[in-house]
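Visitor: I am new to this structure and would like a close look at a single part of it. Please take me through that part slowly.

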Amino acid sequence: MRVDIVTIFPAFFSVLDVSLLGRARQDGLLYVQVHDLRDWTTDRHRTVDDTPYGGGAGMVMKPEPWAQALEALLRPDGTSTLVVPTPAGTRFSQPIARGLATADHLVFACGRYEGIDARVLDWAAERCRVTELSLGDYVLNGGEVAAMAMLEAVGRLVPGVVGNPESLVEESHEDGLLEYPSYTKPSTWRGRSVPPVLLSGHHAAIDEWRRAQQLERTRRIRPDLIELLDHDAGAAGPGVPRS
């Protein structure tokens, strides 16, 4: 997978050199390149923003530097996917991460200030797939933090990036539920013991316990996910088992 990131703060992405993503880049599984938006400006001040039409606080990122950058990076055959982190976008989720992990080329557009001139996304949508995504119901100073989080979520799903593929299956949100709690040695630590079923060697009982823990944790912390699962099961019609 190839990933291009456009930002006015390229140094932010130095973290890409560490951990699993760093190793994936070294192994050629991920090709990630970071670009400075200011390289596509034409004035001596390298200006990327201006005041908003209609008034209001803040500044808006100018369209032409973004158009120049995207013209240089998007594939002419339309197979690129432009990802725009924004609090006004669709909430990012594990299913969305799985979908993006199948793409051959992603371009992350990291906006700042009050965002990117809206005409840029309309223009880009004529040349590639555009998806506006939000990490959650809060506002960040810019798209860099969100882009990094999304890239890590997507990159680890690329085949070969995570050493044990089975570990990707038993994670929060992979089946619509939160992950069950995990334990390691010693079996007793500071007066707290590992649940006996995990020491039993009875794999069916362990699977049943873990599923029950997933349901209990999800009902307690994210009841909205349980409601969504119930809705999906009901929509699928009779005979569909519910968790």
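Visitor: In what order do the five strands of the open sheet stand, and is the pairing parallel or antiparallel?

Guide: What is shown here is a predicted model, and its protein chain comes to eight helices and nine strands. Five strands form the open sheet you ask about, standing in the order β2-β1-β6-β5-β7, and their pairing is parallel. Because β2 (31-36) and β7 (129-134) stand at the edges with a single partner strand each, one side of each is left without a neighbour in the sheet. On average, and with direction ignored, neighbouring strands of this sheet are turned by 30° against each other.

At the β7 edge, seven bridges join β7 to strand β5 (residues 81-91), with the two running parallel; R91, for instance, has S134 in β7 as its bridge partner. Helix α3 packs on the sheet, where it touches β5, β6 and β7, and the direction of α3 makes about 170° with that of β5.

The sheet can also be followed into the nonpolar core with 29 residues, the largest one, in which I5, L106 and F108 have the most contacts. Among the elements that give two or more residues to this core are the strands β1 (2-7) and β6 (105-109), along with the helix α3 (94-101), while α5 gives the most, with seven residues. Beyond its neighbours within four places in sequence, I5 is in contact with several residues, including V32, V34, F108 and L151. A second, separate core of 19 residues includes M61, W66, A109 and A124.

How values were computed
Residues are numbered from 1 along each chain as its sequence is written. This is a predicted model: local features need pLDDT of at least 70, side-chain atom pairs count only at pLDDT 80 or more; totals for chains, interfaces and linings use all residues. Side-chain values use heavy atoms; hydrogens and water are left out. A nonpolar core is a set of buried Ala, Val, Leu, Ile, Met, Phe, Trp, Tyr and Cys residues joined through side-chain atoms within 4.5 Å. Buried means under 20% relative accessible area, exposed over 50%, partly exposed in between (1.4 Å probe, protein chains only). Helices (H or I, at least four residues) and strands (E, at least two) are DSSP runs, numbered from the N terminus. Contact means heavy atoms within 4.5 Å. Two strands pair if DSSP finds at least two bridges between them. Axes are lines fitted to C-alpha atoms, for helices over the stretch in contact, and angles run from 0 to 180 degrees between N-to-C directions.
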